[in-house]
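Work through these exercises with the structure open beside you. Try each task before you read its solution.

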Amino acid sequence: MSEAQTSMEPQAFVYEDIPYRLVRSHRRKRLGLVLAESGVEVRIPARCAARHGHQFLQENIQWVRAQLLRVDQRAAQVPEYRYAFGESFPWLGRPLPLVRAARPADAGIGEVISLYTRYRDPDEEQLQTALQRLYQREALDLLSGKSARLAQQLGLKFSSVRVRRTKSKWGHCSIRGELQYNWLVCLAPEPVVDYLVAHEVSHLQHHNHSRAFWQLVESVCPRYRELRRWLRDNGHRLTL
């Protein structure tokens, strides 16, 4: 068996102080570098000799170092919370204190975050879980309302609104008119939330990123370029 026909299982290596994996794919036609959750990956065509993958990594080692540094810098910017009553958490860009709600019906987010929990003395994990559920509920209500108002303004219709915590997308609009949002966006300033809604609702008319699509977005969100940049540069800070 030739070097290019070795196992398709990823193989681990180290160059200088950088660990990386060689990942083969039948569908890939060119060599590529990816910073995956598992670390640096050199992705190569299935029949490509391993030495070409190693050489490709070595030729691009400065780019890899720069990307790893950027990842470390962004990780250092992610806030760490202490989940306890009396602590503050962001909602629409404002820090709000977390207070205990006496009844489930009293739970909600206004000038404070009123959280109901059945535990008399909840630990941090229990509070975090309850807080995330409250945020999801409040985000669904907020984003559904904003989507409905904007769709009506533009004469468009959607079939449903859902919220999920996703890794790579802030929003999605399906061809069937289903709108989906990452509920963590509600931690951002409200104009950023409005931009995301404008983006996804505009996809009800244009299922692409054509000039016509961006013109529609700009007609309802004139600051969309600035707000899109904010989300790109600060989205990693939005966590709970």
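The exercises below go from domains to cores, then to a sheet and single residues.

This is a predicted model, in which local features need pLDDT of at least 70, side-chain atom pairs count only at pLDDT 80 or more, and totals for chains, interfaces and linings use all residues. Residues are numbered from 1 along each chain as its sequence is written, and side-chain values use heavy atoms, with hydrogens and water left out.

**Exercise 1. Domains**

Find the domains and state what separates their centres.

Solution. Start with the bounds, which come from an automatic or database domain assignment. Domain 1 covers 12-76. Domain 2 covers 87-237. Now take the centres over C-alpha atoms: 35 Å separate domain 1 and domain 2.

**Exercise 2. Nonpolar cores**

Describe the largest nonpolar core and say which helix gives it the largest share.

Solution. First, fix the terms. A nonpolar core is a set of buried Ala, Val, Leu, Ile, Met, Phe, Trp, Tyr and Cys residues joined through side-chain atoms within 4.5 Å. Buried means under 20% relative accessible area, exposed over 50%, and partly exposed in between, with a 1.4 Å probe and protein chains only.

Next, count. The largest core has 49 residues. W91, I113, L131, Y135, Y181 and V201 have the most contacts inside it. Helix α3 (residues 124-154) supplies the largest share of this core, 10 residues. Helices (H or I, at least four residues) and strands (E, at least two) are DSSP runs, numbered from the N terminus.

Then look for a separate group. Another core, of 12 residues, lies apart from the largest one, and I18, C48, A50 and L57 are among its members.

Finally, zoom in on L131. A contact means heavy atoms within 4.5 Å. Not counting residues up to four places away in sequence, L131 touches Y83, F89, L98, I113, L115 and L240. As background, nonpolar side chains tend to be buried together in soluble globular proteins.

**Exercise 3. A sheet and its helices**

Work out the strand order of the open sheet, then place the helices that lie across its strands.

Solution. Step one is the order. The open sheet has 3 strands, arranged β9-β11-β10, with mixed pairing. Two strands pair if DSSP finds at least two bridges between them. β9 and β10 are at the edges with a single partner strand each, so each has one side without a neighbour in the sheet. From one strand to the next, the twist averages 15°.

Step two is the pairing. Strand β9 (residues 160-164) runs parallel to β11 over 5 bridges. Here V163 has Y181 in β11 as its bridge partner. Strand β10 (residues 171-173) is antiparallel to β11, with 3 bridges. C173 is matched with L179 in β11. The hairpin of β10 and β11 has 4 residues between the strands, and G177 takes a positive phi near 80° there.

Step three is burial. In strand β11 (residues 178-182), 4 of the 5 residues are buried, so the rest of the structure largely encloses this strand.

Step four adds the helices. Axes are lines fitted to C-alpha atoms, for helices over the stretch in contact, and angles run from 0 to 180 degrees between N-to-C directions. α3 lies across β9 and β11, at about 145° to β9. Helix α4 (residues 190-202) lies across β10 and β11, at about 155° to β11.

**Exercise 4. Two polar residues in a helix**

Is K146 buried or exposed? Is Q132 buried or exposed?

Solution. Take K146 in helix α3. Its relative accessibility is 12%, so K146 counts as buried. A polar contact is a pair of N or O atoms within 3.5 Å; within protein, one must be able to donate a hydrogen and the other to accept it, and residues adjacent in sequence count only if both atoms are side-chain atoms. The side chains of K146 and D194 form one at 2.7 Å. Leaving aside neighbours within four places in sequence, K146 is in contact with E190, V193, D194 and V197.

Q132 also lies in helix α3. At 18% relative accessibility, Q132 is buried. Its side chain reaches the backbone oxygen of L240 at 2.7 Å.
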